[in-house]
Each structure stands twice: as structure tokens, then as C-alpha cells.
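Colleague: Could you take me through one part of this model closely, beginning with a charged residue and the partner it meets, and then widening the view to what surrounds them?

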Amino acid sequence: MPDYLSWILIGLCLLGHFFFSASETALASCNRFRMSVLAEEGNKSAKLVNKVVEKFDRALTSILIWNNIFAVGISSVATLLFYNYLAGTNLEEYVSIISSIIFTFVVYIFADTLPKTIAKAIPDTLSLAFIYPIYWFTILIFPITIVFEKMMFLIEKMFKVKDEQAFTQEDFENVVDQIEEEGMIEEENSEIIRSAFEFIDTSLKDVITYKDKMYMLNIDDLDKEKLITIIKETTYSRIPIYKGDDNNYIGVLNVKSFVEMFLENPDQEIEKYLQNPYFVNSNIDLLDLLNGFKNSHTHLALVKKEDQVIGMVTLEDVLEVLVEDISEPNRIKRSARI
């Protein structure tokens, strides 16, 4: 084989090795959320990236096979090339060692370290650029890839290898941090996402207002004039109303609705202005409580334990777990009781 042809083959093998090393790092490091967004917008390359990344282990096996093919090609051609150069010299018997040392260094620098460094810096760009040749090269050696997959499956069974949890809460939070840094979401939105995890872990006892701190009214002590006076002085928008026994709640006074109804018909009994009370068990989780608020069309729930009302919780209390400081203007602590 002519020397120039040997150098061309070595150059092509180095280029192929460079391509697959860069592709491996790019596909492993690409932003899958961004690819999903691009795919939804109709980007065909992004759709193919998602398809390949979904079976990344198979793509990785194919890439490693191709890299080994090119590495063997470089080693074989380099050995023949150096044999031609060193034939008849004292170094002839060391041809294999010399060529291996030189081209191991060349491959490591120019076909491994350099492409991976570049791909790490611009993984999304290279993934979109390289995905079509990667896809077809993968198909080209698909039978060999399947053989290696079966071998790995048998090895995992023999040594009882178990898959680790694929995606943890910490992983998700790291992804949120990453896409926030990349400007895909605003800081306020990322804070809400993190708060969602705290919300899941929050129990009712963290948001309940216990009975000794509730603001509530005994209807036996009320007439309309006194109620109107109280409404003028209080800052609460909803007030639990009981009759005689503070476990006997007959409704909730929605101040805004009361004022509107009172102006239309001031002659009704106070009970007619009340909304039905919404009772929940003390072991309810916050997601069910939110659904209950929605289904009951109310913002206040009375919490019961063993048929005794132990406190109350409002929609505002629950939402404050997700977003801070959405309280009513001039809100005061629930400490008064009449």
C-alpha cells in the first residue's frame, strides 16, 4: 500500500474516531428538555435526538463498537506504515511498539480528549448536527449491537446487577437549576417548582390554625347590628359561625357575600347569609384538601378529629406553602374569640 494512501486511511480513521467520541459526549450531555421543546416545535433533528437518547445504552454500544473499529484500523495501518519506514534498520523489530506509542498519544489527544471537550461545551449543537449519521451508523451495525446487548444482559443476570433509581427528586431539582441558569425559565417559576416538592411533604398540622387561635362567632350572641359592627372592625373575609357549643358549627360567614346579600335583602335571618361549613378529617393530605376547596366552592375548612373540631385551615394557608406572602392586606393573627 502506498504511503500516501496509508496516511489517508489513518486520517479518515482519526476523523471517524473524533466524530464518535464527540457524539458520545454530546448525546450524554444534551439538554433533553430543550430537545423536547424543539421537537414539539417541529424540529426533525430534535425528534431523532429524543428517539436515540431514549435508548441511549444501545446508541452508546454502537458508538463504542465504531470507535474500536477505527482504533484497530489506525493501529493496523500505522504498524504497516512504520514497517515500511523502519524496514532494514535497527528499529525494525520495534515497529509495533513505536507505532503503538505514537498513535496511542495521537488518538488520545486528537480523537478522544479534544472531541469530548468540544462536545461538552456545545452538546445540544453537536447532537442536532451529528444525529442523522449517528442514527444510520447505529442501524448499520444493529445486529452486532444486539449481540453485545444480550451479552450484557447475561452478565447482569449472572452478577445480579440492579438498576439504580433512574430519576430522584435531587436529580429533578438539579435539572431545574440547570434550565434556570440557561434562561429557559425565570427564577420565580423555578422557586415555585421547588416549593411543589415542599408542598408534597407538608402535612395539615403545618398549616392548621388551632381552635384556641381561631376567630369565630357565636350566633346566639349576635344580631345584625352587632354583626355589622364586627364586620367593620375586622379584617377577615370569612368567619366560622357556631351555635351554643363551639363544636356545633352551622356555617361560614363570607363577608363580601353577606354585604351584597344584606344590601339586597336586609330582612333575612343571619343563618340565611351563611355558607355551609366544609369539614375535613385531621389526616387529610394537602392535595385532597385543595381538591375539596375546589369541589366545595369554599376557601375555609373546619378540621375535625374524633368528631371534635380542633381548628381550621384556609385556602390561603395551603397556597402559602407554594408561594409566599399572599395574605390579605392588613391581616392580623387569629386570636380573638366571641
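Modeller: Arg34 is partly exposed in this predicted model, with a relative accessible area of 27%. Its side chain meets that of Asp124 in a salt bridge, at 3.2 Å from N to O. The two partners differ in their surroundings, because Asp124 has a relative accessible area of 12% and is therefore buried, whereas Arg34, at 27%, is partly exposed. The pair links distant parts of the chain, with Arg34 in helix 2 and Asp124 in helix 6, 90 residues apart. This is one of five salt bridges that a search of the whole structure finds.

A second salt bridge of the five can be set beside it. The side chains of Asp112 and Lys116 meet at 3.4 Å, N to O, but here both residues lie in helix 5, four residues apart, which is about one turn of the helix. Asp112 is partly exposed, with a relative accessible area of 23%, and Lys116 also counts as partly exposed, at 28% relative accessibility.

Helix 5 itself deserves a slower look. It comprises the 27 residues from 95 to 121, and at 1.5 Å a residue these should span 39 Å; the C-alpha atoms at its ends are 38 Å apart, so the expectation and the model agree. The helix nevertheless has a kink of about 30 degrees, centred on Tyr108. Its buried residues are Val95, Ser99, Phe103, Val106, Val107, Ala111, Pro115 and Ala119, and what covers them includes helix 1 (3–29), helix 4 (56–86) and helix 6 (123–140). Helix 6, which is part of that cover, is also the helix that holds Asp124, the partner of Arg34.

From here the view widens to the interior. Phe103, one of the buried residues of helix 5, is also among the residues with the most contacts inside the largest nonpolar core, together with Ile10, Leu14, Phe20, Leu27, Val49 and Ile134. That core has 39 residues, and helix 1, helix 2 (32–40), helix 3 (44–54), helix 4, helix 5 and helix 6 each supply at least two of them. The largest share, 12 residues, comes from helix 4. Val49 offers a local example of the packing: leaving aside its neighbours within four places in sequence, Val49 is in contact with Leu27, Cys30, Met35, Ser127, Leu128 and Ile131. A second, separate core has 16 residues, including Leu222, Ile230, Tyr236 and Ile239.

For contrast, another salt bridge lies further along the chain, where the side chains of Lys243 and Asp220 meet at 3.1 Å, N to O. Lys243 lies in strand 3 (residues 238–243) and Asp220 in the loop between strand 2 (217–218) and helix 10 (224–233), so this pair ties together parts that are 23 residues apart in sequence. Both of its members count as partly exposed, Lys243 at 39% relative accessibility and Asp220 at 44%.

Definitions and conventions: Residues numbered from 1 in each chain as written. Predicted model: local features only at pLDDT ≥ 70, side-chain atom pairs only at ≥ 80, totals over all residues. Heavy atoms only, no water. Helix = DSSP H or I, 4+ residues; strand = E, 2+ residues; numbered from the N terminus. Expected span 1.5 Å × (residues − 1). Bend = angle between axes of the 7 residues up to and from the residue. Buried < 20%, exposed > 50% of the residue type's maximum accessible area, 1.4 Å probe, protein only. Contact = heavy atoms within 4.5 Å. Core = buried A, V, L, I, M, F, W, Y, C linked by side-chain atoms within 4.5 Å. Salt bridge = Lys/Arg side-chain N within 4 Å of Asp/Glu carboxyl O.
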